[in-house]
Amino acid sequence: MTATRYLYAITEGFGPAPGASGLRGAPLAGIEEGGLVMVTSPHVDLRAEADEEDLWSHEAVVESLFDTGEGAILPMRFGTTLPGEAAVRAALRDRAPEWRAALDRVRGAIELGVRAQIDVDAAPEQSPSVRRTEAAGPGTAYMLDRLGQGRLAAEVARSIHAPLSELARESAHVIRNQPTTMMKAAYLVEEVVVPDFQREVERLEASLPDAAITCTGPWPPYSFSGSERA
Amino acid sequence: MTTTSLERSRAAREVSLLDLVDRLLDGGVVIHGDITLAVADVDLVYVGLRALVASVETMKREVGMPRLGSAL
């Protein structure tokens, strides 16, 4: 039997609602040290699995803390555990300066995700570099075609990212291994700026017919919580 | 103060498993060291999830294309 604490989020001093539960229905407990609270649940022989149910359980707890409006929070990465309450307190002590700085960075802001699927095949009329490839041999044409599409997609991605990052406190191109035609980014946006941001996404959607833009959020600041930010 | 605008955007929110996975597995605070969860276990389920995510993306692309074509 191995007792562990599963970790959901760090808050600037407030705990979970009384009686609230988390992963596998375990009761939530806030562990406070020096003004920071780690929201946890106790488990025995826990094997957190990245299946849909566990992912949503983690997210539900983080969101409930985020939604209280009591202050800033830092979500933990999914699957993070420590051996017990003493280890949680030690972590809160050891990393307090770093986590306080991160809480300051995200306070008063929310995370918005933007994904754009860029349809490069729909745009050759607008791209002379792609059209020219018809004169070359089939192998070369294919390579030039791919290069042209990559350039075109990068151009569209830039024209989406530039105006949105201006509205954000911070931005991050988050995800690895994306195909060139998929643009993904996260933006840390002041709560009061959210309507402006949404209007800008709508304007971009209307002005860029070759890109299907999806904006999701408000998310807790997952992409802006760590020192390992992208 | 901003509750109303936040509620409005939350109502418009499109919750996607893809975005959730990106955030929970790539984002968040990382604690090095005393993690009792075996890394190998995470990697194994991670592979399974990526396959699931790929199918979500394919579905989105298929839904997205006709609208794009007609927009030209």
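The exercises below, each with a worked solution, concern a predicted model of two chains, A and B.

**Exercise 1. Confidence in chain B**

Find the mean pLDDT of chain B, and state which of its helices has the lowest mean value and which the highest.

*Solution.* Begin with the chain as a whole: the mean pLDDT of chain B is 49, and 19% of its residues reach 70 or more. Next, go through its elements, where helix α2 (residues 17-26) of chain B has the highest mean pLDDT, 78, whereas helix α3 (residues 39-71) of chain B has the lowest, 39. Then look for stretches of low confidence: over residues 1-15 of chain B the pLDDT is below 50, and this stretch has 16 contacts in the model beyond near neighbours in sequence. The pLDDT is also below 50 over residues 33-72 of chain B, a stretch with 43 contacts in the model, again beyond near neighbours in sequence. Finally, note the scores given for the model, which are ipTM 0.79 and pTM 0.75.

**Exercise 2. The make-up of each chain**

Count the helices and strands of chain A and of chain B, and give the percentage of buried residues in each.

*Solution.* Take chain A to start with: its 230 residues include 6 helices and 9 strands, and 43% of the residues count as buried. Its contacts can be examined in the same step, and among those between residues at least 6 apart in sequence, 72% join residues at least 24 apart. Turn then to chain B, which has 3 helices and 0 strands, so that, by the way helices and strands are assigned, the order of its elements from the N terminus is written α-α-α. Of the 72 residues in chain B, 17% are buried.

**Exercise 3. Where the two domains of chain A touch**

Give the bounds of the two domains of chain A, and describe the side of domain 1 that touches domain 2.

*Solution.* The division places residues 3-106 of chain A in domain 1 and residues 109-224 in domain 2. The contact between them takes 7 residues from domain 1 of chain A and 6 residues from domain 2 of chain A. On the domain 1 side, α1 (52-67), β4 (73-75) and α3 (96-106) of chain A each supply at least two residues, and α1(A) gives the most, with 3 residues. Sorted by class, this side of domain 1 of chain A has 5 nonpolar, no polar and 2 charged residues.

**Exercise 4. The partners of strand β8(A)**

Work out which strands of chain A are listed here as pairing with β8(A), and in which sense they run.

*Solution.* One partner is strand β6 (residues 109-118) of chain A, which pairs with strand β8 (residues 182-190) of chain A in the antiparallel sense over 9 bridges. Within β8(A), M182(A) stands opposite Q117(A). Another partner is strand β7 (residues 170-172) of chain A, joined to β8(A) by 3 bridges and likewise antiparallel; here A172(A) stands opposite A186(A) in β8(A).

**Exercise 5. The nonpolar cores**

Identify which residues of the largest nonpolar core touch the most other members.

*Solution.* This core has 60 residues, and within it V114(A) and I160(A) touch the most other members. The core draws at least three residues from each of the two domains of chain A. To see the surroundings of I160(A), leave out residues up to four places away in sequence, and the residues it touches are V114(A), A116(A), M183(A), L204(A), L208(A), A211(A) and I213(A). Apart from the largest core lies another, of 7 residues, among them F78(A), L18(B), L20(B) and V21(B). As a general background, nonpolar side chains tend to be buried together in soluble globular proteins.

**Exercise 6. Unusual backbone geometry**

Where does R24(A) lie, and is D45(A) buried or exposed?

*Solution.* Recall that most residues other than glycine have a negative phi, and that most peptide bonds are trans. R24(A), although not a glycine, has a positive phi of about 55°, and it lies in the loop between β1 (3-11) and β2 (29-33) of chain A. With 13 other C-beta atoms within 10 Å, R24(A) is partly exposed. D45(A) also has a positive phi, near 50°, and its place is in the loop between β3 (36-44) and α1 of chain A. Because D45(A) has 9 other C-beta atoms within 10 Å, and a residue with 12 or fewer counts as exposed, D45(A) is exposed. Lastly, a cis peptide bond, with omega of about 0°, joins G217(A) and P218(A), and P218(A) lies in strand β9 (residues 211-219) of chain A.

Terms used. Residues are numbered from 1 along each chain as its sequence is written. Chains are lettered from A and ligands numbered from 1 in the order in which they are written. This is a predicted model: local features need pLDDT of at least 70, side-chain atom pairs count only at pLDDT 80 or more; totals for chains, interfaces and linings use all residues. pLDDT is the predictor's confidence in each residue, from 0 to 100. Helices (H or I, at least four residues) and strands (E, at least two) are DSSP runs, numbered from the N terminus. Two residues are in contact if their C-beta atoms, placed from the backbone, lie within 7 Å. Domain bounds come from an automatic or database domain assignment. Ala, Val, Leu, Ile, Met, Phe, Trp, Tyr, Cys and Pro count as nonpolar, Asp, Glu, Lys and Arg as charged, and the others, Gly among them, as polar. Two strands pair if DSSP finds at least two bridges between them. A nonpolar core is a set of buried Ala, Val, Leu, Ile, Met, Phe, Trp, Tyr and Cys residues joined through C-beta atoms within 7 Å. A residue is buried if 20 or more other C-beta atoms lie within 10 Å of its own, exposed if 12 or fewer, and partly exposed in between; C-beta atoms are placed from the backbone.
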